[in-house]
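Please open the structure in a viewer and keep the selection tool at hand. The tour proceeds by selection, and each stop states what is found there.

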Amino acid sequence: MLETLQLKQTPFHARTSRLSLAQNWRRWAGYRVVGSYELSLEHEYWAIRDRAALIDVSPLMKYVIEGPDAARLLNKVTPRDIDRLAVGQVFYTGWCDEDGKLIDDGTISRLGPAQFRMTSAEPSLRWLAMNAVGLDVRVSEVTDQIGTLSLQGPKSRAILNRVCRDTLDGLKYFRCMQTYVGNVPVGISRTGYTGDLGYEIWMGAADALPVWDALMKAGDDFGIAPCGILAMDMARVEAGLFMLDVDYTAATHAWIEGQKSSPLEMGLDWAVSVEKKGYFVGRRALEREKREASAWRMVGIEVGWDGIEQLFAEVGLPPQIPAIAVRESRPIMSDGKQVGYVSTSTWSPVLKKYIALAHLQRPYYEVGTPLTMEITVEHHRKQAPARVVKLPFYEPVWKKK
Amino acid sequence: MSVNTYDAIIIGAGHNGLIAGAYLARAGKKVVILERREIVGGAAVTEEIFPGYRFSEFSYVVSLLRPEIIRDLELPRHGLKILPLPSTVTPMDNGDYLAAWADHEPTRREICRHSPRDAEAFDEYSRVMARAAKAIKPVLSLVPPDPSSMSIRDMLGLLKLGRYAKSLSEKELYRIAKLVTQSSADLLDEWFEFDPLKGTKSASGIIGTFLGPHSPGTAYVLLHHYMGEIDGAFRAWGFAKNGTGGVTAAIAASARALGAEIRTNAAVKQVIVKGGRAAGVALENGDELRASVVLSAADPKRTFLNFVESKHFPDEFVTQIKNFRVRGSSGKVNIALSGLPDFTCLPGETPLHRGAISISPSIDYIERAYDEAKYGQFSKNPYIDMIIPSMIDRDMAPPGHHVMSCFVQYAPYDIEGGWDDQKRDAFGETVIRTIERYAPNIRRLIVGKQVITPKDIERIAGITGGNIFHGELLLHQLFFLRPAPQWADFRTPLPGYYFGASGAHPGGGVMGAAGKLAAHEVLRDWR
C-alpha cells in the first residue's frame, strides 16, 4: 500500500541492509542507500584509498540510447565530440541548456557503433526525448533494470581478475568491456567517483546478488569493505569531482540566473569541444564564454593548517575539523571582500589537509592566490588562511596506470 | 468622544475587515469592526452545524495568507496553527488513483506508473510555475498604480512596476504573458498527456470562476495557486487548526488585543454622508456610529450599491460596479460521517486521507460540467475537491467520526428557475452520488449534511452573487481594474469611504492583502 511513499530499495538491499551496522541510510534519487556501514567512516574511507571498497551506486540514472542517429543525438545534447568516442570507450560530460548553463553531468559509454549508455544524476528522459525529435533514435530509461556496483581502490583490479572470465589488465582508464562474473554477464567500465583505481560493474538487476557475493568473497583476502556514500563523498572531493545540486545548481532547478553555472566555470574546459562540427545545445554561449574568459571558476583550495591551529589556539583548543565532507556554503574573502564561496569542504585523511571546492570570481581563481575561508571557532566567525591549488587534490599514480 | 464615535468604522468582520481593523488599531486609531452575523469570520468561519461535528463552512484551506500579516499581527501567539495538507489524490474510474505530494521524488514515481513522460515533465512544470509565481508575487503586495493617471505616486508606481518587469528575463516575461492569456487546458496540453493529471491541475484554474478549463485566462488563476507554494518552510499553505474559523479567531483576538472593538449582530444599513464625505454608519437596529473613516470589507456590490446611495458616486462608477462580474459558480457540501469513507482505490486509512481528494478525471469532465452550468444547470457530474478535516485536526469531529468538506463546481447562482429547497436537495444528492462512485459506503456513514448553494453563500456569508472571491478573477477584473478603473487604490469616489476586501486588488482567498493594503492607504491619507 502506497509503496510510492517509501524510498526504493536497490537490487543489493538484501546484502547492504544486513551488513550495515550503523543503519545510517541516505536518500539518493528516490532510493535508500547506505550512508555508512560503521559509525565511523574511517574504515570505509581507507578501503577506497588503500584496499578496495564496494559501493552500491545503483540509483545513478541510466539510459540506453540506440539507433542510427544515436551519436547525432549525443553530439547535439553534449558539448563533447561523440564522433571521437570509440566503441568500448567512456566519456565524462556535462550538458547544458541553450544559454550554456549546466543541466546535469554523467558518463557516456559507447557499447556499440549505434548503442550508448548514459548516466545522469537527475531524470533526463524528457530532455533527451525533446532533443531527439526528428532523429532515428530510441531512448529508454534502464535505471531500475540495472544494478551498479563501484569497486574502488588500489586492489580493485586484482579482485576483479579473480572473479571475471576475462582479465582486466588491458582495460585502460575510461574504457569499458563485457565479461562474466561466474555465469553472470556484466559490463565493466574503468570509472568511478573516487579518483582512485576503480571500476564500475553493470549487471541485470536480477543478477545483482551473485555478483556482490562473488566480489565480497574474492575481495576478502584483499581487505575489501562495503562502503557507504559518505566515505565516497570525501574521496570525490579529494578527486576534485563535483556534485549536482551540491557544488552547482542545475539550470533547470535555479530560481535566479546567478545560481546557474557553465561547464567552463566548473573547470570542464577539456570537456567542451567547441571545435567539433555542427550545432550543439549551448554552443554559442559556450563559444562566447571561451573567448571572453569565465567570470567564475570552481577551483580547489587548501586551508592552511597553521592558520587553523592558531585560530583554535586563541581559545585554548586544538583544531576541530569535522571528519566528514560538509555541504555547507562558506564565504571566501580576499582583503576583507567576499570573492567567492566554498560549496563542499572536507578533511582529507590521505593528504592530511583541509580541502574544499571553491567558486571564485575572476581573477581570484588563479592557482596560488591567497585567500581566507570563513570558519567558526567556538561559535565565532574567523577567517582561516587558504590558497588556490590545482585540482585534483589527490591523484595516485595507479589511477590511470 | 461618545461611545459611538470612532476614528474608523470597519464594515464586516471577515478576515479582511478584521485585518484592516487590527492594522488601524495597531496605528493607535479607535476602531470598531461591525459584523452583521452573531459570529465573526465572514466566509472564513467554523461552525458546529451538527453537535460534535465542526465544519469550515465555506473557505476550507489556507493558501495565500500573507506572511507579513501573520508576523505583524502575531497570529501564532493568538492561536493560529496551520497544519500540513500534504497531498492530492485523484481517484480514477478504473479503481486506480493518481497521487501527488510536495516531495517531488514520490510524486515522480507515482506519475511514472501512469505516464513516464509526464513524470519528468511534472518536475519541470512545477519549477516553471513556481518561478512564474515568484515573478508575479511582488505585484500582489503593490497598490496598483493607475496607468492613465499623471500623479507622481502613480507614475512612481508604474516606474517601479516597469523596473520590476525589466528585472525579469526575456523568457520569464514571455512565459508570464502567455500564462495570463492562455487557457489552463492549452497550458497543460503543452506539458502532459495523462488525463487525470491534466484534469486535476486544470481544476485549480477554474476555482471560483465562471469559466471552463478551455476558457482563456484560466491559466492565470492556476498560477494564483502556486503563490502559496513559494514561501517554503513558512508554510502559508495548509489546513487551519479548528478550521478556517481558526484563522479569523486568531485575527479577531489580535485585533482585540490591539484595542479594536468588534460588534456582532450589528448589520449596517447605510453609510452616513455629510458634506460630501463619509461620516459614519447607520445600523439596521437604528444605532448610529460616527467616524471620519469608513472602510467596507463587504463585497463590491453591497459596498457601493447597497450601503451608499448612488447619488454620491459618478454614474460611470456605478455602472462599472453594476457590471462587475460576481457570478457564483460553486457550492459546498459539508458532511458529518460516523466513520471514514472507504475509497475503492484507497481501502482503509492511508496517509493520502490527510490530503485533498479531487474528483477530476479529465479536462473534458470538467469542461462538460461547465457546459451545463453555462445554460443554468448545476453539473450532473461535478468537479469536487474534498478534504477530510478530521483526519488533519482530530478536534473537528467526535473520536472515530469524521467530517468531510466538499467544494463543488459548477453550481451557478443563476440556476434556471432559481434555487429552492428541492433544487438544493437534488444538488446535494448529485454530490453524494458522485462521491459514491469512488467511495461506495459513504451514504451509510452520513450522520448529517449541509448543502450550500451560491444563494446560501449570499444569504449566510453576505457575499452578493455567492462568488467565493467576491468577484471573479478575470483578467478584466484584476490589478488596476479591480473593482473599477481608477479606483483600485482602496479609495472610492466618496472621500472618507474605503474599500478593502476580496473584490479589491489583489483578489480573493484567505490572503488578507486587500485588508492590509486598504488600512495602509487609510493611514497614509490621515497624515
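Begin with helix α3 of chain A, residues 70-77, where the buried residues are Ala70(A), Leu73(A), Leu74(A), Asn75(A) and Val77(A). The model is a predicted one. Add the surroundings of the helix to the selection: the buried residues of α3(A) pack against the strands β5 (61-66), β6 (90-96), β7 (102-112) and β8 (115-120), and against helix α4 (125-131), in chain A.

**Chain A: domains**

Next, colour chain A by its domain assignment. Domain 1 comprises 3-61 + 143-227, domain 2 comprises 68-136 + 262-292, and domain 3 comprises 296-398. Select domains 1 and 2 of chain A together; their C-alpha centres lie 27 Å apart. Eight residues from domain 1 of chain A and 11 residues from domain 2 of chain A take part in the contact. On the domain 1 side of this contact, five residues are nonpolar, two are polar and one is charged.

**Chain A: Arg51(A)**

Now centre the view on Arg51(A), located in the loop that lies between α2 (42-50) and β4 (52-56) of chain A. Is Arg51(A) buried or exposed? The residue is partly exposed, since 19 other C-beta atoms lie within 10 Å, whereas 20 or more would be needed for a residue to count as buried.

Display the contacts of Arg51(A) beyond four places in sequence: they are Gly153(A), Lys155(A), Phe222(A), Gly223(A), Ile224(A) and Ala225(A). Gln152(A) also merits selection here: the C-alpha atoms of Arg51(A) and Gln152(A) are 8.2 Å apart, although the two residues are separated by 101 residues in sequence.

**Chain A as a whole**

Zoom out to the whole of chain A, which contains nine helices and 20 strands. The radius of gyration of chain A is 21 Å, close to the 21 Å that the globule rule gives for 401 residues, so chain A is as compact as a globular protein of that length. Along the principal axes, the C-alpha atoms of chain A fill a box of roughly 60 × 50 × 50 Å. Of the 401 residues in chain A, 45% are buried. Among the contacts of chain A between residues at least 6 apart in sequence, 67% join residues at least 24 apart.

**From chain A to chain B**

Select the residues at which the two chains meet: 12 residues of chain A are in contact with 19 residues of chain B. The chain A side of this contact divides into six nonpolar, four polar and two charged residues.

**Chain B: a run of strands**

Move to chain B and select residues 268-283. Strand β10 (residues 268-274) and strand β11 (residues 277-283) of chain B pair in the antiparallel sense over six bridges. Ile272(B) has Gly280(B) in β11(B) as its bridge partner. Two residues lie between the strands of this hairpin, and Gly275(B) takes a positive phi near 60° there.

Extend the selection to strand β12 (residues 288-290) of chain B, which runs antiparallel to β11(B) and is joined to β11(B) by three bridges. The bridge partner of Ala282(B) in β12(B) is Glu288(B). The hairpin of β11(B) and β12(B) has four residues between the strands, and Gly286(B) takes a positive phi near 95°.

**The nonpolar cores**

Keep these strands in view and add Ile9(B). Which residues does Ile9(B) touch, not counting those up to four places away in sequence? They are Val32(B), Leu34(B), Gly280(B), Val281(B), Leu289(B), Ala291(B) and Val294(B).

Ile9(B) and Ala518(B) touch the most other members of the largest nonpolar core, which has 171 residues. Helix α4 (residues 116-140) of chain B gives the most to this core, contributing eight residues. A second, separate core has 107 residues, including Ile108(A), Leu149(A), Ala356(A) and Tyr365(A). In soluble globular proteins, nonpolar side chains tend to be buried together.

**Chain B as a whole**

Finish with all of chain B in view, with its 18 helices and 19 strands. The radius of gyration of chain B is 22 Å, close to the 24 Å that the globule rule gives for 527 residues, so chain B is as compact as a globular protein of that length. The C-alpha atoms of chain B fill a box of roughly 70 × 55 × 50 Å along the principal axes. Of the 527 residues in chain B, 56% count as buried. Among contacts in chain B with a separation of 6 or more, 73% come from residues 24 or more positions apart.

Terms used
Residues are numbered from 1 along each chain as its sequence is written. Chains are lettered from A and ligands numbered from 1 in the order in which they are written. This is a predicted model: local features need pLDDT of at least 70, side-chain atom pairs count only at pLDDT 80 or more; totals for chains, interfaces and linings use all residues. A nonpolar core is a set of buried Ala, Val, Leu, Ile, Met, Phe, Trp, Tyr and Cys residues joined through C-beta atoms within 7 Å. A residue is buried if 20 or more other C-beta atoms lie within 10 Å of its own, exposed if 12 or fewer, and partly exposed in between; C-beta atoms are placed from the backbone. Two residues are in contact if their C-beta atoms, placed from the backbone, lie within 7 Å. Two strands pair if DSSP finds at least two bridges between them. Ala, Val, Leu, Ile, Met, Phe, Trp, Tyr, Cys and Pro count as nonpolar, Asp, Glu, Lys and Arg as charged, and the others, Gly among them, as polar. The radius of gyration is taken over C-alpha atoms; the globule rule is 2.2 Å times the number of residues to the power 0.38. Domain bounds come from an automatic or database domain assignment.
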